[in-house]
Amino acid sequence: MSMSLSENISIEMQQNSEEQDFEHEEEQQHPDLVPSLSITFDSAPYTRTHMPSSPTLNEDLTIIEKKKVTIEKVEEGTGKGNGGSNVLTNKKETKLNIALLGLRISAFVLCLKSFAVLAANKQKYEILGIELFRVSFYKFKEFKYSLSVSVIACAYSLLQICDLAKYLITKKHTMEPKLRGYLNFAMDQILTYLLMSASSSAATLAYYWESEIAPSMLAYHLDSYEMAAGMGKQSFSIMANVSAAFSFLAFVAFALTSLVSGYILFKV
């Protein structure tokens, strides 16, 4: 009984091994018949879901943005921000340049009148149709000095008027702003001094001509100083005084101009 059981077990083991060998041979000869293990995955893409935004959070962000825009506008209007400060500075400089332009136009007109009156200052002294002597401004160094200064100041003012008008229209300087500022300030100071000295010397000579020189020359021809003393004040001395007055007013205009140009240079 035990022998038959062992024989059966060996026979079964042999059959199993033969079956395995047969299957192995079949796999080698016909690989397409081998069942393939297929693993399928869900092809649906993984999507990240966002939490729905809160309406309260959106409203808070909108309010913050509006407040930020309002603060920027207030800073721009009051000049607390950098942009507002630049805008206010440019407006201030523009107003000062307009005032400076007005002063330079005044100085130009006054200098023009001063040298025009002095250049036309010529007179012929005569009594009863008899010419005694002639006098003109170019015979006196003081009048020639005053005329020269007035011409230079007039030409300088004209150039400055053109340059300022160009800047106010185009907002572009003809040269570097700092260099231009120093040059303008220096020239204004120099011409202010020259106009002051020219007007004072012309006024002094006009007074001296009226009170001393003209009566002396007339007395030489008339043999009467008392008669000649009343003839000293004629058109020559009057025109010389008028020219000196215009020159002095031009000095005042240049003094104000130098103050404004200095303020623009050092404060703006």
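Biologist: Let me start with one stretch of chain. How far apart are the end C-alpha atoms of residues 145-169, and what percentage of that span is helix?

Modeller: A word of caution to begin with: this is a predicted model. In it, residues 145-169 are 100% helix and 0% strand, and the C-alpha atoms at the two ends lie 36 Å apart. You can read residues 190-209 in the same style: the chain there is 100% helix and 0% strand, with its end C-alpha atoms 28 Å apart.

Biologist: What does UniProt list for those stretches?

Modeller: The UniProt entry, which is unreviewed, lists them under "transmembrane region", and it gives residues 98-120 and 244-266 that label too. Annotations like these may be inferred rather than shown by experiment.

Biologist: Stepping back, how many helices and strands does the chain have?

Modeller: Seven helices and two strands. Walk along the sequence and you meet them in the order α-α-α-β-β-α-α-α-α. As for burial, 28% of the 268 residues count as buried.

Biologist: Now the pockets. What volume does the largest pocket have?

Modeller: The general idea goes like this: you roll a probe the size of a water molecule over the atoms, and that shows where empty space is left. Here, the largest pocket comes out at about 240 Å³. Its lining has 14 residues, and those nearest the centre are Glu-93, Pro-177, Gly-181, Ile-264 and Leu-265. Helices α3 (82-119), α5 (177-222) and α7 (235-267) each give two or more residues to that lining, with α5 supplying the largest share, five residues.

Biologist: And how does that lining divide by class?

Modeller: Six residues are nonpolar, five are polar and three are charged.

Biologist: Which residues line the second largest pocket?

Modeller: The list is Tyr-156, Leu-159, Gln-160, Asp-163, Thr-174, Met-175, Arg-180, Leu-183, Asn-184 and Met-187. The elements giving two or more residues to this lining are α4 (141-170) and α5. The second largest pocket holds about 160 Å³ of space, and its lining splits into five nonpolar, three polar and two charged residues.

Biologist: Tyr-156 is on that list. Is Tyr-156 buried or exposed?

Modeller: Tyr-156 counts as buried because its relative accessibility is 10%, and the cut-off for buried is under 20%. Tyr-156 belongs to helix α4. You can also look for partners from elsewhere in the sequence: the C-alpha atoms of Tyr-156 and Phe-108 are 8.3 Å apart, though 48 residues separate the two along the chain.

Biologist: Which residue does Ala-202 pair with in that kind of reading?

Modeller: Ser-243. Those C-alpha atoms are separated by 8.0 Å, with the two positions 41 residues apart along the chain. Ala-202 is in helix α5 and, with 1% relative accessibility, is buried.

Biologist: Staying in α5, which side chain does Ser-197 join in a polar contact?

Modeller: Tyr-145, at 2.6 Å. Ser-197 is in helix α5 and is buried, because its relative accessibility is 18%.

Biologist: What about the loop between α4 and α5, where Glu-176 sits? What does the side chain of Glu-176 reach?

Modeller: The side chain of Glu-176 reaches the backbone nitrogen of Leu-179, at 2.8 Å. Glu-176 is partly exposed, at 45% relative accessibility. That loop also holds Lys-171, which is partly exposed as well, with a relative accessible area of 46%.

Biologist: What is the phi of Lys-171 near?

Modeller: Some background: most residues other than glycine have a negative phi. Lys-171 has a positive value, near 60°, and is not a glycine.

Biologist: Last topic, the cysteines. How many disulfides does a search of the whole structure find?

Modeller: In general, a disulfide is a covalent bond between the sulfur atoms of two cysteines. In this model the search finds zero.

Biologist: Why is there no bond between Cys-111 and the closest cysteine sulfur?

Modeller: Because the distance is too great: that closest sulfur is in Cys-154, 6.1 Å from the sulfur of Cys-111, while the cut-off for a disulfide is 2.5 Å. Cys-111 is buried, at 1% relative accessibility, whereas Cys-162 is partly exposed, at 48%.

Methods. Residues numbered from 1 in each chain as written. Predicted model: local features only at pLDDT ≥ 70, side-chain atom pairs only at ≥ 80, totals over all residues. Heavy atoms only, no water. 1 Å grid on protein atoms, 1.4 Å probe; cavity = no way out; pocket = protein on both sides within 12 Å on 5 of 7 lines; lining within 4 Å. Points joined across faces, edges and corners; volume = space filled by probe spheres on them. Helix = DSSP H or I, 4+ residues; strand = E, 2+ residues; numbered from the N terminus. Nonpolar A, V, L, I, M, F, W, Y, C, P; charged D, E, K, R; others polar. Buried < 20%, exposed > 50% of the residue type's maximum accessible area, 1.4 Å probe, protein only. Polar contact = N/O pair within 3.5 Å; in protein donor to acceptor, adjacent residues only side chain to side chain.
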